[in-house]
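Visitor: I am new to this structure and would like to be taken through it step by step. Please show it to me before we start.

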Amino acid sequence: MVLNDLGKRINAAFSELSRVPVVDDAAVDALLKNVCAALLESDVNVRLVQGLRNNVRSNVKEQLNDGEKASRLSEGQRRNIVQKAVFDHLVQLIDPGVEPFKPKKGKPNVIMFVGLQGSGKTTSCTKLANYYNKRGFKTGLVCADTFRAGAFDQLKQNAAKVNLPFYGSHTETDPVAIAAAGVASFKQAKFEVIIVDTSGRHKQEGELFREMVEIGEAVEPDQTIMVLDASIGQAAEGQSRAFKEAAGYGGIFVTKLDGHAKGGGAISAVAATKTPILFIGLGEHMTDIEVFRPQPFISRMLGMGDISGLMDKVQEVEMANPERQQEMLKKIEEGGTFSIRDWREQLGNIMSMGPLSKLAGMIPGVGQMLAGAGGGNDEESGNKMKRMIYITDSMTREELDSVGSLFFAPVKTKAIRAEQEKQLALHEAEGSKKEGKKPKVKVPVRMTARARRVAKGSGTSVREVEEFLMQYRMVSRMVKSMGGKAGWMKKMQGGA
Ligand code: GDP
């Protein structure tokens, strides 16, 4: 997933900070050293990284060292201040503070795409057209790429895949004339979103830029979007500057963030051009597109889930009961009791929402579960999840509302009993220190007859029922800790 390694490394740096006894300047410097090394390795520009280090350092040191208030801070509060500062500065890196363009209903919104050949421009045009069409905008596509043989057919095929009208010509060679005619005809037919795909070239050439400017003058776009291939690394910054000077685009569409791209180049491009990333491409399918929002993006990168991104997907598939889902997400966010019934509902929802691997990262805890279930293979994960649902179908109401303990019973052997008695005697001998608390002896558990009944009823095995319960427990634990993280996030957003 997107910038996964970066997220993991920053999280590791946070964990290290949580282990130091005193959060002093040296601890802050050590944390920043790790965070900055991770950013540099992800291709983020060295000046930006230095800037982040200096800003966080001065911001944090002031809060930790100056004044009477600082002297009253607990170590936990000091840690929160440092983590919040890093989080905020990471968000700042990708948030140029510009309100992103939103098309308006009931009027034509012309969106022009620019970018180098192979960046994913044609694919992204169609993804975006499909995205707006699904949200109720009457949408059409125009192919003004006369440079590349086959561009017309490619866009036409893509448009057919998502069932959208398309304008282009096999014979006309003037891209400006095609763009103008296409936009005019869609406007006349009262289309609300008109997306114009322009030519790409292998390099940033004068010819390409001249053509872009001319098409821009002819169609007067409400928004120009530059497509940026995440896999080009450090080169992203120079490329985005050159396009900015020539075409003056207002938004960036970063593609191929599903691959092994480190993604830091795109972050640098945002900072260099002060232009927001609007969408990201996460695969070759027409639905592999996501709205980009800085704060949830960083939150997800750090493994805290992305509730707003998930809600966006939920809206798209028009779930049968969106209010219930809202309620559930709120519950997850707040870390309430998460029963087997809740887990089964999540499984059902995930299955109805399409490619699992794309959604997993958005739901706190589920990414890890799926990685275990099918190793990222959608079909395998899907089958596994179906069997999990069958298991829950064979459970009684009482079982579904439980947290699963009635499926297990302790195994009490003679040896365990003897150990328990020994511990109890020791405990009593120690006297009143731990009064009221019985000593704990780890007791192995066995599956109860309920588990056998459920396995039989669902056509699965006791082993699978056990596995299901283990996975449920793992997710439930994560949901609980997510509650802690969500609380932590809220604290951070509202000031430590
Ligand atoms: P164009 O020359 O800029 O119009 O690029 P295309 O739209 O033809 O895309 C070039 C290649 O990149 C194609 O094979 C696309 O399927 C692929 N592509 C586009 N966007 C993405 C993406 O977000 N992820 C992945 N993995 N591939 C993509």
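**A walk through the sheet and its helices**

Guide: The model shown here is predicted. In it, strands β7 (residues 277-281) and β8 pair in the antiparallel sense, and three bridges join them.

Visitor: Which residue of β8 is the bridge partner of Phe279?

Guide: Phe279 belongs to the range 277-281, which is strand β7. Strand β8 covers 289-291. The partner of Phe279 in that strand is Val291.

Visitor: What is the order of the strands in the open sheet?

Guide: The open sheet has eight strands, and their pairing is mixed. β3 (166-167) and β8 stand at the edges with a single partner strand each, so one side of each has no neighbour in the sheet. Written out, the order is β3-β2-β4-β1-β5-β6-β7-β8.

Visitor: How many bridges join β1 to β4, and how many join β1 to β5?

Guide: β1 (residues 109-114) runs parallel to β4 (residues 193-198) and also parallel to β5 (residues 223-229). On the β4 side, Asn109 has Val193 as its bridge partner, and Val110 stands opposite Ile194. On the β5 side, Met112 stands opposite Thr224. The counts are five bridges to β4 and four to β5.

Visitor: Are the two faces of β1 covered or uncovered?

Guide: In a regular strand, side chains alternate between the two faces of the sheet. On one side of β1 are Asn109, Ile111 and Phe113, and on the other are Val110, Met112 and Val114. Six of the six residues of β1 are buried, and both faces are covered.

Visitor: How many residues of β4 are buried?

Guide: Val193, Ile195 and Asp197 point one way from β4, and all of them are buried. Ile194, Val196 and Thr198 point the other way and are buried too. The count for β4 is six of six.

Visitor: Which residue of β4 is the bridge partner of Cys143?

Guide: β2 and β4 pair in the parallel sense over six bridges. Cys143 falls within β2, which spans 139-144. Its partner in β4 is Asp197.

Visitor: Which strands does helix α11 lie across?

Guide: Helix α11 covers residues 264-273 and runs at about 175 degrees to β6 (251-255). Another helix, α9 (residues 206-219), lies across β1, β2, β4 and β5, at about 175 degrees to β1. For α11, the strands are β5, β6 and β7.

Visitor: Why is α3 described as roughly antiparallel to α5?

Guide: Helix α3 (residues 46-65) and α5 pack with their axes 10 Å apart, and the crossing angle is about 150 degrees. An angle over 145 degrees counts as roughly antiparallel. That makes the arrangement of α3 and α5 roughly antiparallel.

Visitor: How many residues in the contact of α3 with α5 are charged?

Guide: From α3 the contact draws on Leu48, Leu52, Asn55, Val56, Asn59, Val60, Gln63 and Leu64, and from α5 on Arg78, Ile81, Val82, Ala85, Val86, His89 and Leu93. By class, ten of these residues are nonpolar and four are polar. The number that are charged is one.

Visitor: What angle do α5 and α12 make?

Guide: Helix α5 (residues 75-94) packs against α12 (residues 294-301) with their axes 9 Å apart. The two are therefore oblique to each other, and their crossing is right-handed. The angle is about 125 degrees.

Visitor: Which residues of α12 make the contact with α5?

Guide: Phe87, Leu90, Val91 and Ile94 are the residues on the α5 side. By class, the contact has seven nonpolar residues, one polar residue and no charged residues. The α12 residues are Pro294, Gln295, Phe297 and Ile298.

Visitor: Why does Gly233 count as partly exposed?

Guide: Gly233 lies in the loop between β5 and α10 (235-247). A residue with 20 or more other C-beta atoms within 10 Å is buried, one with 12 or fewer is exposed, and those in between are partly exposed. Gly233 is partly exposed because the number of other C-beta atoms within 10 Å is 17.

Visitor: Which residues is Gly233 in contact with, leaving aside its neighbours within four places in sequence?

Guide: The C-alpha atoms of Gly233 and Asn45 are separated by 9.7 Å, although the two residues are 188 residues apart along the chain. With those sequence neighbours left aside, the contacts of Gly233 are Asp43, Lys262 and Gly265.

Technical notes: Residues numbered from 1 in each chain as written. Predicted model: local features only at pLDDT ≥ 70, side-chain atom pairs only at ≥ 80, totals over all residues. Axes fitted to C-alpha atoms, helices over the stretch in contact; angles between N-to-C directions. Parallel < 35°, antiparallel > 145°, perpendicular 65-115°, else oblique. Left-handed = near helix turned anticlockwise from the far one by under 90°. Contact = placed C-beta atoms within 7 Å. Nonpolar A, V, L, I, M, F, W, Y, C, P; charged D, E, K, R; others polar. Pairing = 2+ DSSP bridges.
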